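Open the model in your viewer and keep the sequence panel in sight. Each stop below names a selection and then says what is there.

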Amino acid sequence: MHQPLNGVFRVLVCRANARLCGLPLDAVEETLRPQPLRPLTAPVNHVQGLARIRGDWLPVLDLAGLLGVSATPDPVRRFVVLRTGERRVALAVSEVIGVQGLEPEAVRALPPLLRDRDHAAVAALAERDEELLAVLDQARLLPDATSRELAEALPDDLPDVLPDDLADAARARAAS
């Protein structure tokens with residue numbers, strides 16, 4: 001998880017179906033209306049497709065699915081573009097609520113019982129207006145295994161405006 005600025009963790013609070021999530025504000029680039037999706041050639045777990053955002057084709061991750069929230073799906077109303085290490089991704093969310101500062105003592109580590117595949121991206125828990133807030137670690141949103149699957153499932157006719165790591169994998173696949 002990122003370090004607090006002046007003793008406060010700043011997160012962008014959003015909702016993925018019924019789950020309230022906090023994304024580290026220093027990783028968020030922008031929020032925008034959902035864009036048209038380009039399908040992949042094969043399904044990749046929790047990846048809805050590719051969206052062209054600011055000239056780049058970014059993978060769109062289903063945040064609710066990634067977090068294991070399957071109850072009555074709310075429509076995707078916003079994309080949140082963020083950096084996950086050296087990659088950029090768009091998260092499909094139901095709602096963007098706003099920016100909130102979290103005091104370090106209000107942020108608790110994830111209990112061992114919840115440290116499983118469905119909660120891999122959750123770094124900590126906090127409360128917001130008596131509701132549980134899952135504070136996410138952006139670096140765990142797109143694991144390497146999912147990145148490799150994604151590179152294999154890219155359409156062959158995409159222009160060369162993919163993020164560098166995906167473009168390299170697609171070129172290697174085309175050359176083989």
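The tour goes from the sheet to its strands, then to the loops and the charged pairs.

**Before you start**

This is a predicted model: local features need pLDDT of at least 70, side-chain atom pairs count only at pLDDT 80 or more, and totals for chains, interfaces and linings use all residues. Residues are numbered from 1 along each chain as its sequence is written, and side-chain values use heavy atoms, with hydrogens and water left out.

**Stop 1: the sheet**

Switch to cartoon. Strands here are DSSP runs of E, at least two residues in length, numbered from the N terminus. Two strands pair if DSSP finds at least two bridges between them.

Find the open sheet of six strands. Its order is β3-β7-β8-β6-β5-β4, with mixed pairing. Now select 28-32 and 37-38: these are β3 and β4, the edge strands. Each has a single partner strand, so one side of each lacks a neighbour in the sheet.

**Stop 2: β4, β5 and β6**

Select residues 47-53, strand β5. Is this strand enclosed or open to the outside? Five of its seven residues are buried, so β5 is largely enclosed by the rest of the structure. Buried means under 20% relative accessible area, exposed means over 50%, and partly exposed lies in between (1.4 Å probe, protein chains only).

Add residues 56-62, strand β6. The two strands run antiparallel and are joined by six bridges. Step along the pair: Ala51 has Leu58 of β6 as its bridge partner, and Arg52 stands opposite Trp57 in β6.

Turn to the other side of β5. β4 pairs with β5 over two bridges, again in the antiparallel sense. Arg38 stands opposite Leu50 in β5.

Keep Arg38 selected and show Trp57. Arg38 lies over the face of Trp57, at 6.0 Å from the ring centre. A charge sits over a ring if NZ of Lys or CZ of Arg is within 6 Å of the ring centre and within 35 degrees of the ring normal.

**Stop 3: two loops with positive phi**

Most residues other than glycine have a negative phi. Which values does phi take at His46 and Arg54?

- His46: phi is near 70°. This residue is in the loop between β4 and β5 and is partly exposed, at 27% relative accessible area.
- Arg54: phi is about 55°. This residue belongs to the β5 and β6 hairpin, which has two residues between the strands. At 66% relative accessibility, Arg54 is exposed.

**Stop 4: β7 and the loop after it**

Select Thr84 in strand β7. Thr84 is buried, with a relative accessible area of 4%. Setting aside residues up to four places away in sequence, Thr84 touches Val89, Gln138 and Leu141. Contact means heavy atoms within 4.5 Å.

Move on to Glu86, in the loop between β7 (78-84) and β8 (87-93). Glu86 is exposed, at 84% relative accessible area. Measure from its C-alpha to that of Ala139: the separation is 9.1 Å, for residues 53 apart along the chain.

**Stop 5: salt bridges**

How many salt bridges does the structure hold? There are nine. A salt bridge is a side-chain nitrogen of Lys or Arg within 4 Å of a carboxyl oxygen of Asp or Glu.

Show Arg15 and Glu95, a salt bridge at 3.6 Å, N to O. The pair links distant parts of the chain, 80 residues apart: Arg15 in β1 (residues 9-16) and Glu95 in β9 (residues 95-102). Arg15 is buried, at 18%, while Glu95 is partly exposed, at 36%.

Next, show Glu29 and Arg88, a salt bridge at 2.9 Å, N to O. Glu29 is in β3 and Arg88 in β8, so the pair ties together parts that are 59 residues apart in sequence. Glu29 is partly exposed, at 35% relative accessibility.

Stay on Arg88 and add Asp56. These two also form a salt bridge, with the closest N and O atoms 2.8 Å apart. Asp56 lies in β6, so this pair ties together parts 32 residues apart in sequence. Asp56 is partly exposed, at 25% relative accessibility. Finish by adding Arg83: salt bridges that share partners join Glu29, Asp56, Arg83 and Arg88 into one network.

Definitions and conventions:
Helix = DSSP H or I, 4+ residues; strand = E, 2+ residues; numbered from the N terminus.
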